Amino acid sequence: MDALILHRIHFAFTITFHYLFPQLTMGLGLLIVVLKTLALRSGDEHYNKAAQFWARIFGINFVIGVVTGIPMEFQFGTNWSAFSKITGGVIGQPLAMEGVFSFFLESTFLGAFLYGERQLGPRLHWLSAFLVFLGSWISGFFIISTNAWMQHPVGYAQASDGSFSLVSLSAVLTNRWMVWQYMHNMTAAVVTGSTVMTALGAFYLLTRQFEDFGRTFVRIGVIAGLIASAFMIFPTGDQQGRNVAQYQPVTLAAMEGLFDSTHGAPIVIIGQPNVDARRLDNPIVVPGVLSFLTYRHWKSEVRGLLQFPETEWPDNIALLYYAYHIMVGLGTIFVAVYALAAFMLYRRRLFETPLILWALMLLAPFPYIATTAGWMTAELGRQPWLVYGLMRTAVGSSPQVSVGNGLFTLLGFMGMYTVLAILFLFLVYFEVQRGPGGVDTHLEQSTMAAAD
């Protein structure tokens with residue numbers, strides 16, 4: 001196996017596993033603030049206990065997220081030392097700000113939120129929840145600012161030796177690519193948090209345990225999930241798509257499996273890209289929609305892959321195409337399911353309809369699949385560049401790391417992450433069984449069940 005391919009698999013594996021956890025904490029952070037706000041305004045302890053329960057789930061995710069995130073920083077040195085050396089003058093700034101500002105803000109006030117309620121009082125405890133949420137979203141902002149610079153580099157100067165230096169931090173932090181990528185990513189995180197909360201609420205209702213909390217989780221999760229999933233499609237997904245069309249047109253062509261430049265280009269519902277034959281097999285399309293979404297005109301020309309040199313094509317068009325369509329397809333399903341659930345909630349029939357509750361419960365893993373597919377779309381679409389248009393991926397890896405060394409550490413990471421995954425599932429299972437309200441509520445329910 002080529003060392004470069006191994007380095008790419010290494011980073012893809014670690015970042016995919018890592019991002020399973022922050023996406024839930026960023027989404028849950030907002031929902032916990034909602035629960036704490038309801039508790040503060042109503043004085044109802046029910047909402048406070050619900051917030052405490054999700055804070056424990058948040059804490060478990062946060063710890064595993066930190067443990068799996070730190071090795072990624074090291075990989076900039078071990079697997080991508082040439083990239084770090086050349087671009088460190090730019091990406092070092094937002095990455096350092098992420099560690100200094102957001103990580104310490106989030107971790108400090110998470111401790112205060114989990115263990116300091118009696119000492120802080122209701123209002124300061126609400127503030128600690130808000131600062132945990134704020135820290136998690138600021139963390140996402142700096143990480144995505146770094147990635148956005150790699151997708152659409154701005155605010156830099158390049159020296160004669162090829163290295164980059166930062167000219168304008170404000171340009172990097174207000175990068176047009178970053179704005180929509182960040183908003184799209186954050187709404188996706190809210191969809192993940194909402195779906196997990198809804199799924200657990202549906203589980204409690206279907207198994208007839210903690211039913212008061214189950215109804216609260218489903219009600220808040222469905223409302224937040226519907227708003228976030230709709231916002232994920234428009235305007236954030238729509239605007240991010242227009243960014244791709246403007247700054248990476250060859251990526252757009254690959255995402256859509258469009259080989260020939262076309263006026264009134266269709267959007268593809270189903271089809272298989274046949275790269276060797278330069279065509280899309282068995283297509284089902286809607287005429288003109290891609291042109292309209294891209295340029296707001298039904299007859300506009302969308303450039304196909306054949307209009308670009310093959311050396312500029314993404315190096316795995318089929319995988320990029322399928323990842324993009326999985327993301328879009330799941331996003332559409334989320335809107336449909338949440339709209340139906342919201343309608344049933346409005347008609348006061350949701351909690352008594354097991355079929356919908358089963359659908360909401362089984363929806364839980366799909367936001368993780370959608371966000372992973374979305375990340376693959378962004379990263380595969382940028383290839384063959386590490387920094388789009390400026391630095392090829394092939395020159396960014398560590399030349400001194402052999403295939404054997406890379407494979408050894410990859411297998412080590414896989415083994416360690418398997419252990420972490422088992423530990424995570426055990427801890428979450430324990431909290432789900434313990435339920436909202438802690439041991440007292442569980443004992444109370446057990447006593448009532450025994451009395452019946």
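Student: How much space lies in the second largest pocket?

Tutor: The model is a predicted one. In it, the second largest pocket holds about 640 Å³ of space.

Student: Which residues are closest to the centre of that pocket?

Tutor: The lining has 21 residues, and those closest to the centre are Val196, Ala364, Leu425, Val428 and Val432.

Student: Which helices each supply at least two residues of this lining?

Tutor: Three helices do so: α3 (45–78), α7 (176–206) and α14 (403–434). Helix α14 provides the largest share, six residues.

Student: How do the residues of the lining of the second largest pocket divide into nonpolar, polar and charged?

Tutor: The lining has 20 nonpolar residues and one polar residue, with no charged residue.

Student: Let us turn to closed spaces. How many cavities of 30 Å³ or more does the structure hold?

Tutor: A cavity differs from a pocket in that a probe fits inside but cannot get out. The structure has two cavities of 30 Å³ or more. The largest has a volume of about 50 Å³, and the second largest one of about 40 Å³.

Student: What lines the largest cavity?

Tutor: Its lining consists of Gly29, Ile32, Ala55, Phe58, Leu110, Phe113, Ala129, Val132 and Phe133. Helices α2 (22–42), α3, α4 (81–115) and α5 (117–151) each give at least two of the lining residues. Helix α5 gives the most, with three. By class, eight of the lining residues are nonpolar, one is polar and none is charged.

Student: Which residues line the second largest cavity?

Tutor: They are Ala245, Pro249, Leu252, Tyr295, Val302 and Arg303. Five residues of this lining are nonpolar, none is polar and one is charged.

Student: Now a helix. Which residues of α12 are buried?

Tutor: Buried means under 20% relative accessible area. In α12, which runs over residues 354–362, Ile356, Leu357, Leu360 and Met361 are buried. These four lie on the same side of α12 because they cover an arc of only 140° around the axis.

Student: Which exposed residues does the face turned away from the buried side of α12 carry?

Tutor: That face carries Leu355 and Leu362, both exposed.

Student: What covers the buried residues of α12?

Tutor: The cover includes α7, α8 (211–247) and α11 (317–346).

Student: For a single residue, consider Thr146 in helix α5. Is Thr146 buried or exposed?

Tutor: Thr146 counts as buried because its relative accessibility is 6%. Leaving aside residues up to four places away in sequence, Thr146 touches Ile91, Pro94 and Leu95.

Student: Next, the strands. In which sense do β4 and β5 pair, parallel or antiparallel?

Tutor: Strand β4 (residues 267–274) and strand β5 (residues 279–286) pair in the antiparallel sense, over six bridges. Within this pairing, Pro273 stands opposite Leu280 in β5. The two strands form a hairpin with four residues between them.

Student: What is the phi of Arg278?

Tutor: The general idea comes first: most residues other than glycine have a negative phi. Arg278 is not a glycine, yet its phi is positive, about 60°. Arg278 lies in the loop between β4 and β5. With a relative accessible area of 26%, Arg278 is partly exposed.

Student: What is the phi of Asn282?

Tutor: Asn282 also is a residue other than glycine with a positive phi, near 50°. Asn282 is found in strand β5. Asn282 counts as exposed because its relative accessibility is 56%.

Student: Finally, the peptide bonds. Is the bond from Phe234 to Pro235 cis or trans?

Tutor: In general, most peptide bonds are trans. The bond from Phe234 to Pro235 is cis, with omega near 10°. Pro235 lies in helix α8.

Student: Is the bond from Gln383 to Pro384 cis or trans?

Tutor: That bond is cis, and its omega is near 15°. Pro384 is placed in the loop between α13 (366–382) and β7 (385–387).

Terms used
Residues are numbered from 1 along each chain as its sequence is written. This is a predicted model: local features need pLDDT of at least 70, side-chain atom pairs count only at pLDDT 80 or more; totals for chains, interfaces and linings use all residues. Side-chain values use heavy atoms; hydrogens and water are left out. On a 1 Å grid over the protein atoms alone, a cavity is a set of points where a 1.4 Å probe fits but cannot get out, and a pocket is an open set with protein on both sides within 12 Å along at least five of seven lines; lining residues have an atom within 4 Å of a point. Grid points are joined across faces, edges and corners, and a volume is the space filled by probe spheres set on the points. Ala, Val, Leu, Ile, Met, Phe, Trp, Tyr, Cys and Pro count as nonpolar, Asp, Glu, Lys and Arg as charged, and the others, Gly among them, as polar. Buried means under 20% relative accessible area, exposed over 50%, partly exposed in between (1.4 Å probe, protein chains only). The arc is that of the directions from the helix axis to the C-beta atoms. Contact means heavy atoms within 4.5 Å. Two strands pair if DSSP finds at least two bridges between them.
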